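These are my notebook entries on a structure that I examined for its pockets, its cavity and some of its helices. I begin with a single residue and work outward from there.

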Amino acid sequence: MPSVNLPTGSVHYTEYGQGVPLVLLHANPGDSKDFEAVIPALSKTYRILALDWPGYGQSAPPQQPESVGVLFFYQVLREFLEALALPPAFFIGNSLGGNAAARLAAESPELVRGLVLVAPGGFTTPNFVSRNFCKLQGSRFSLSPHCFASLYLKHRTATTRAMLERASTTQAAAPQITLNRTVWRGFAAPDNDLRTVAPNIKAPTLLLFGKNDPVIPASKDGKVAAQCIPSAQFVALPCGHASFAEVPELFLAEVQPFLAASNA
């Protein structure tokens, strides 16, 4: 697994295939292995680059984990693209990763060929429940990564079982728990809200939400995202929070034609 040294720290990533770059951005918690079920098919056409965010997977933790917010990951993404001198790329981002990819498309459209946003964060209307859930998850009373993942992964596949295993082992270590809680506190901050910048997204965009996702539901956040990005295609799949791992065949049936049309 190669790595690149950035001002924000060293980032590990996996690379497969050749062609137009396709950058895969995982959620919190998670790592680049979350996309294992769809990488073989996608790498036949695209140059896949799957990141481990700092403090996740094989990447070293950030130097100041207590101060990490959503914009930190956006900065990591910008530095990564600059360090590798990538041409305009496609992006698939899940949750936290979707937030970073959407913000990049809104602020630097010249870097983005197209977006696949899988249950992206940043479109939840702040309310009493959402604010207090973020507060809970940012505290010592938070649900463990395994417990939380077992709630939002609605289908058991080889990939989701491996995700749950990592959630109960590597992602349950003390440094990772600290980072996880810090990121959750950041989800309640104004910086997480994409609703004002999302209308600036001009790149072709596919929104994939899970009908059974208890965290970022298609019926609420999905509709908000579709309203904020008027030209986006919206699809609700019969799954939870990570369609690429839970229903990879259905995911690819939507994503591959979208990418091909956007790459024409």
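Entry 1: D31. I looked up D31 and found it in the loop between β3 (21-25) and α1 (39-42). I note at the outset that this is a predicted model. Is D31 buried or exposed? Its relative accessibility is 4%, so D31 counts as buried, the cut-off for buried being under 20%.

I then looked up the polar contacts of D31. Its side chain reaches the backbone nitrogen of K33 at 2.9 Å. The side chain of D31 also makes a polar contact with the side chain of R166, at 3.0 Å. Leaving out residues up to four places away in sequence, I recorded that D31 touches H26, D52, G57, R166 and Q171.

Entry 2: the second largest pocket. I met D31 again here, for D31, Y56, G57, T170 and Q171 lie nearest the centre of the second largest pocket. The pocket is lined by 18 residues and holds about 240 Å³ of space. Which helix gives the largest share of this lining? I found that it is α7, with 3 residues. Sorted by class, the lining has 4 nonpolar, 10 polar and 4 charged residues.

Entry 3: the cavity. I searched for cavities of 30 Å³ or more and found 1. Its volume is about 50 Å³. The residues that line it are P29, G30, D34, A149, Y152, M163, R166 and Q171. The elements that give two or more residues to this lining are α5 (145-152) and α6 (158-168). By class I recorded 4 nonpolar, 2 polar and 2 charged residues. R166, which lines this cavity, is the residue whose side chain makes a polar contact with that of D31.

Entry 4: helix α6. I looked up the buried residues of α6, and they are T159, T160, M163, L164, R166 and A167. Why do they lie on the same side of α6? They cover an arc of only 160° around the axis, and this puts them on the same side. These buried residues pack against α5 and α9 (243-246). Two of the names here, M163 and R166, also appear in the lining of the cavity.

Entry 5: helix α4. I turned next to α4, which spans residues 128-137 and has S130, C134 and Q137 as its buried residues. They cover an arc of only 70° around the axis, which puts them on the same side of α4. What covers them includes α5 and α7 (174-187). I then looked at the face turned away from this buried side, and it carries the exposed residues F128, V129 and K135.

At the start of α4, a side-chain oxygen of N127 reaches to within 3.0 Å of the backbone nitrogen of V129. N132 is also found in α4. Its relative accessibility is 34%, so N132 counts as partly exposed. I compared its place with that of Y56: the two are 76 residues apart in sequence and 25 Å apart in space, C-alpha to C-alpha.

Entry 6: the largest pocket. I found that about 820 Å³ of space lies in the largest pocket. Of the 36 residues that line it, T124, S130, C134, V215 and D221 are the closest to its centre. S130 and C134 are also among the buried residues of α4. Which helices each supply at least two residues of this lining? I listed α3 (96-107), α4, α5, α7 and α8 (218-228). The largest share, 5 residues, comes from α4. By class, the lining has 21 nonpolar, 11 polar and 4 charged residues.

Entry 7: T124. I closed with T124, whose place is in the loop between β6 (112-118) and α4. At 34% relative accessibility, T124 counts as partly exposed. What does T124 contact, leaving aside its neighbours within four places in sequence? I recorded S130 and D221. The side chains of T124 and D221 are joined by a polar contact of 2.2 Å. I also looked up L104, which is 20 residues from T124 along the chain, with 19 Å between the two C-alpha atoms.

Note on methods: Residues numbered from 1 in each chain as written. Predicted model: local features only at pLDDT ≥ 70, side-chain atom pairs only at ≥ 80, totals over all residues. Heavy atoms only, no water. 1 Å grid on protein atoms, 1.4 Å probe; cavity = no way out; pocket = protein on both sides within 12 Å on 5 of 7 lines; lining within 4 Å. Points joined across faces, edges and corners; volume = space filled by probe spheres on them. Helix = DSSP H or I, 4+ residues; strand = E, 2+ residues; numbered from the N terminus. Nonpolar A, V, L, I, M, F, W, Y, C, P; charged D, E, K, R; others polar. Buried < 20%, exposed > 50% of the residue type's maximum accessible area, 1.4 Å probe, protein only. Arc of directions from axis to C-beta. Contact = heavy atoms within 4.5 Å. Polar contact = N/O pair within 3.5 Å; in protein donor to acceptor, adjacent residues only side chain to side chain.
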